[in-house]
Amino acid sequence: MHLIGLILGAILGIAILDVILSALFMMFGAKVANIPYATFGKSLIASIGSALVTWIISLIFSVIPLIGTIIGFLAGFVLSLFVIKSVFETTTEKAIICWIFNFIAKLIAIIIGVLTFASALFVIFK
């Protein structure tokens, strides 16, 4: 039971880290793209919205063997762009720049998550 709580806590912590890190990177990306009024609040909303859309779409398409993951990623990408465009009230090109920074933040969060989870397992099973 203790292991399940530890795993759930790690997943929740990584999800929170992902959203905050993505919001920071997205805000920086918005500044690079010259999007006016790019605040942390808007970046946080765009980060949460983009993550939710991507997770839901990926989950839906993951049931299709082989091609489902690719379709899910592409559909999630397109819908994330719409979320970013809507929140920042900007163009598609500028939304793509924001999305790139968001993607980099997600990669960093995944690396941190893997390292955190691996070290937690090491402590448990040593």
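Okay, so starting at the N terminus and reading along, this protein chain goes α-α-α-α. That's four helices and zero strands, where helices (H or I, at least four residues) and strands (E, at least two) are DSSP runs, numbered from the N terminus. Before I go on: this is a predicted model, so local features need pLDDT of at least 70 and side-chain atom pairs count only at pLDDT 80 or more, while totals for chains, interfaces and linings use all residues. Residues are numbered from 1 along each chain as its sequence is written, and side-chain values use heavy atoms, with hydrogens and water left out.

Overall dimensions, then. Taken along the principal axes, the C-alpha atoms fill a box of roughly 50 × 35 × 20 Å. The chain has 126 residues, and 29% of them count as buried. For that word I'm using under 20% relative accessible area, with exposed being over 50% and partly exposed in between (1.4 Å probe, protein chains only).

Let's go to the salt bridge. How many does a search of the whole structure find? Just one salt bridge, taking that to be a side-chain nitrogen of Lys or Arg within 4 Å of a carboxyl oxygen of Asp or Glu. The partners are Asp-18 and Lys-106, and their closest N and O atoms are 3.1 Å apart. Asp-18 sits in helix 1 and Lys-106 in helix 4, 88 residues apart, so the pair links distant parts of the chain. As a reminder, side chains of opposite charge can pair when their charged atoms come close. And is Asp-18 buried or exposed? It's buried, at 9% relative accessible area.

Those two residues come back when we look at the largest pocket. A pocket here, on a 1 Å grid over the protein atoms alone, is an open set of points where a 1.4 Å probe fits, with protein on both sides within 12 Å along at least five of seven lines, and lining residues have an atom within 4 Å of a point. The largest pocket holds about 420 Å³ of space, the volume being what's filled by probe spheres set on the points, with grid points joined across faces, edges and corners. There are 20 lining residues, and the ones nearest the centre are Asp-18, Thr-54, Trp-55, Lys-106 and Ile-110. Helix 1 (2–32), helix 2 (40–61), helix 3 and helix 4 each give two or more residues to that lining. Helix 4 has the largest share, seven residues. By type, the lining divides into 12 nonpolar, six polar and two charged. In that count, Ala, Val, Leu, Ile, Met, Phe, Trp, Tyr, Cys and Pro are nonpolar, Asp, Glu, Lys and Arg are charged, and the others, Gly among them, are polar.

Now the outside. There's a nonpolar surface patch of about 1,100 Å², and its residues include Ile-64, Leu-66, Phe-73, Phe-103, Ile-110 and Val-114. Patches are made of residues with over 30% relative accessible area and no salt bridge; like charges are joined within 9 Å, and nonpolar side chains (Val, Leu, Ile, Met, Phe, Trp, Tyr) within 5 Å. The areas come from the Shrake-Rupley method with a 1.4 Å probe, and for residues only the protein chains shown count as cover. Helix 3 (68–88) and helix 4 (92–125) each supply at least two of the patch residues. Ile-110, you'll remember, is also among the residues nearest the pocket centre.

Val-114, another patch member, is in helix 4 and is exposed, at 52% relative accessible area. Its C-alpha is 18 Å from that of Trp-55, 59 residues away along the chain.

Two loop residues deserve a look. Leu-66, in the loop between helix 2 and helix 3, has a phi near 65°, a positive value in a residue other than glycine. Leu-66 is exposed, at 83% relative accessibility. Glu-89, in the loop between helix 3 and helix 4, also has a positive phi, near 50°, and counts as exposed at 69%.

Last stop: helix 1 and helix 4 again. Thr-116 is in helix 4 and is partly exposed, at 37%. Its C-alpha is 7.7 Å from that of Ala-10, though they're 106 residues apart in sequence. Gly-13, in helix 1, is partly exposed too, at 34%. Gly-13 and Thr-116 are 9.9 Å apart, C-alpha to C-alpha, with their positions 103 residues apart in sequence.
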